[in-house]
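Me: Please take a close look at one part of this predicted model, the largest pocket. Which element gives the largest share of its lining, and what else belongs in the picture?

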Amino acid sequence: MKKTFTIITLLVSLTSCVYPYQVSLDGIDDMVVVIEGNIAVGGTSTIKFSKVYTSEDTDFVAVLGTAVVEDEKGGLYESSSSIPGMYQEIPMDNADPSLKYRIKAEVNGITYVSDWLKPLE
């Protein structure tokens with residue numbers, strides 16, 4: 001019985017049809033920006049910039065941006081480098097853990113702002 005089940009399973013898997021999945025990217029901008037980061041109160045926050053790649057993309061495109069972290073009282077924490085880069089490191093050694101924070105980033109002249117977040121305890 002076990003042998004019969006194995007043979008039937010093998011035959012079904014060999015004869016089943018698999019169609020390639022075709023993704024439609026019509027209307028999708030070639031430059032979908034990804035901004036990834038963490039807010040590290042008492043440490044260094046790191047913000048990274050990249051883009052979404054498709055399976056047809058063959059060239060790497062460096063995404064350069066700038067970022068600051070803002071607290072809910074209007075305080076700004078800035079990178080030690082004002083030059084746009086693939087990532088920004090923002091020292092937050094003296095940040096108050098009781099406040100909410102958000103990331104403000106600029107890529108290609110467009111400003112992106114995250115939601116206000118309270119640091120994890």
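Reply: Strand β1 gives the largest share of the lining of the largest pocket, with 4 residues. β1 spans 33-38, and β6 (101-107) and β7 (110-113) likewise supply at least two lining residues each. In total, 16 residues line this pocket. Those nearest its centre are Gly37, Asn38, Ile39, Ile103 and Leu117. By class, the lining consists of 11 nonpolar, 3 polar and 2 charged residues. The space inside comes to about 250 Å³.

The second largest pocket holds about 150 Å³ of space. Here β3 and β6 are the elements that contribute two or more lining residues. Thr66, Ala67 and Val68 are among the residues of this lining, as are Lys104, Ala105 and Glu106. Others include Glu78, Ser79, Ser81, Ser82, Gln88 and Thr111. The lining divides into 3 nonpolar, 6 polar and 3 charged residues.

Apart from the pockets, there is a nonpolar patch on the surface. Tyr53, Phe60, Val61, Leu64, Met86 and Tyr87 make it up, and together they have about 600 Å² of accessible area. One of them, Phe60, sits in the loop that runs between β2 (44-51) and β3 (65-71). Phe60 counts as exposed because its relative accessibility is 59%, and the cut-off for exposed is over 50%.

Note on methods
Residues numbered from 1 in each chain as written. Predicted model: local features only at pLDDT ≥ 70, side-chain atom pairs only at ≥ 80, totals over all residues. Heavy atoms only, no water. Patch = residues over 30% accessible without salt bridge, like charges linked within 9 Å, V, L, I, M, F, W, Y side chains within 5 Å. Areas by Shrake-Rupley, 256 points an atom, 1.4 Å probe, with all protein chains shown as cover. Salt bridge = Lys/Arg side-chain N within 4 Å of Asp/Glu carboxyl O. Buried < 20%, exposed > 50% of the residue type's maximum accessible area, 1.4 Å probe, protein only. 1 Å grid on protein atoms, 1.4 Å probe; cavity = no way out; pocket = protein on both sides within 12 Å on 5 of 7 lines; lining within 4 Å. Points joined across faces, edges and corners; volume = space filled by probe spheres on them. Nonpolar A, V, L, I, M, F, W, Y, C, P; charged D, E, K, R; others polar.
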